[in-house]
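Okay, everyone, thanks for coming. I'd like to walk you through one chain today, so please have a look at the picture while I talk.

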Amino acid sequence: MNGPEITVDFAPALALFLPHERRGAPSRLRTDGSSTLGHAVESLGVPLTEVGRLLVDGREVGTGHIPAEGEQVTVTAVARPQVVPGAPLRFLLDVHLGTLARRLRLLGVDAAYESTDIGDPALAAQSAREQRVLLSRDRGLLRRRELWAGAYMYSDRPDDQLRDVLDRFEPELAPWTRCTACNGRLTPATKAEVAHLIEAGTRRTHDVFAQCGACGRVYWRGAHHDKLEAIVAEAQAQAGQGPGSTAR
Ligand SMILES: [Zn+2]
């Protein structure tokens, strides 16, 4: 290529996406003279979902900017907390993030997820149709143009992923209000209402129930409750939304 040569300086937080030789210092890049700066950034491996601002010689430009010879480009990381305008904050998780999906639902965060792989085009289309922020570790998926919004998951560990989502988007928490199986809303249910859906032992030992309005699943304080309580408590502590504090 004989296009203009530019210098690109990435924020340290974006270095992990870059080829090794481009990390740690501004690096030179020759573009083709017609592609956009957004394309140039993506071509180096950095998803635009992770990019905050693009500065050319100190002046902010959009991803559609066509680089010119000698420009000094600065790429910042997305601001935290990240505000996603235009719709209530809700998420869509790719097929590899089932544990994260269940934990977000446990916290009352709207998290759509299918355990079957519907494919990248269908996921991106769902993100656009339902105005959901797509969470994924797949950079190719995050590059799809039709996405409403997206966020890369930096860790493959659900604990870290959850902390990251809470830190990045600061979703409002409403623990124990959402079905961890299907993302539906839970409503309180009497023992009489759910008696035919639970085993005799559970009927004898529990009095407080909730039921999913979407799939009918019944919830009570069962064997895994301590572990779930711990997840909720840690999330609330991180968000400064402890039990009894008013939701923002
Ligand atoms: Zn449900």
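Let's begin with the end of a helix. Helix H8 is followed by Gly-240, and the phi of that glycine is positive, near 65 degrees. When I say helix or strand, I mean DSSP runs, H or I of at least four residues for helices and E of at least two for strands, numbered from the N terminus. H8 itself covers residues 225-239, which is 15 residues, and it reaches 21 Å from its first C-alpha to its last, close to the 21 Å expected at 1.5 Å a residue. That expected span is 1.5 Å times one less than the number of residues.

Two quick notes before going on. This is a predicted model, so local features need pLDDT of at least 70 and side-chain atom pairs count only at pLDDT 80 or more, while totals for chains, interfaces and linings use all residues. Residues are numbered from 1 along each chain as its sequence is written.

Now the overall layout. The domain assignment gives domain 1 as 5-77 and domain 2 as 91-239; these bounds come from an automatic or database domain assignment. How far apart are the C-alpha centres of domain 1 and domain 2? They lie 35 Å apart. The contact between them takes five residues from domain 1 and six residues from domain 2, where contact means that the C-beta atoms, placed from the backbone, lie within 7 Å. On the domain 1 side, the touching residues divide into one nonpolar, two polar and two charged. For that split, Ala, Val, Leu, Ile, Met, Phe, Trp, Tyr, Cys and Pro count as nonpolar, Asp, Glu, Lys and Arg as charged, and the others, Gly among them, as polar.

The UniProt record has its own labels. Its unreviewed entry puts "domain: Ubiquitin Mut7-C" at residues 4-81 and "domain: Mut7-C RNAse" at residues 90-231. Those positions use the numbering used here, the feature names are shortened, and annotations may be inferred rather than shown by experiment. Residues 4-81 are 9% helix and 32% strand, with end C-alpha atoms 35 Å apart. For residues 90-231, the figures are 37% helix and 17% strand, and the ends lie 20 Å apart.

On to the sheets. Strands of a sheet pair through backbone hydrogen bonds, either parallel or antiparallel. Here, two strands pair if DSSP finds at least two bridges between them.

Look first at the open sheet of five strands, in the order S2-S1-S5-S3-S4, with mixed pairing. Its edge strands are S2 (27-30) and S4 (59-61), each pairing on one side only. From one strand to the next, the twist averages 35 degrees. Angles like this run from 0 to 180 degrees between N-to-C directions, and axes are lines fitted to C-alpha atoms, for helices over the stretch in contact. Strand S1 (residues 5-10) runs antiparallel to S2, joined by four bridges, and Glu-5 has Arg-30 as its bridge partner in S2.

After strand S5 (72-77) comes a loop leading to S6, and Pro-81 lies in that loop. A cis peptide bond joins Arg-80 and Pro-81, with omega about -5 degrees.

Which order do the strands take in the four-stranded open sheet? It's S7-S6-S8-S9, with parallel pairing. S7 (111-113) and S9 (149-152) are the edges, and the twist averages 25 degrees from one strand to the next. Helix H3 (residues 120-130) packs on this sheet, touching S6, S7 and S8, and its direction makes about 170 degrees with that of S6. In the loop between H3 and S8 sits Gln-131, which has a positive phi of about 50 degrees although it is not a glycine. S6 (residues 91-93) and S8 (residues 133-136) pair over three bridges, with Leu-93 partnered by Leu-135.

Last stop: S10 (residues 186-189) and S11 (residues 209-212) pair antiparallel over four bridges, and Pro-188 stands opposite Ala-210. S11 also pairs antiparallel with S12 (residues 218-219), over two bridges, and there Ala-210 has Tyr-219 as its bridge partner. S11 and S12 form a hairpin with five residues between them, and Gly-216 in the turn has a positive phi of about 85 degrees.

Notes: Two residues are in contact if their C-beta atoms, placed from the backbone, lie within 7 Å.
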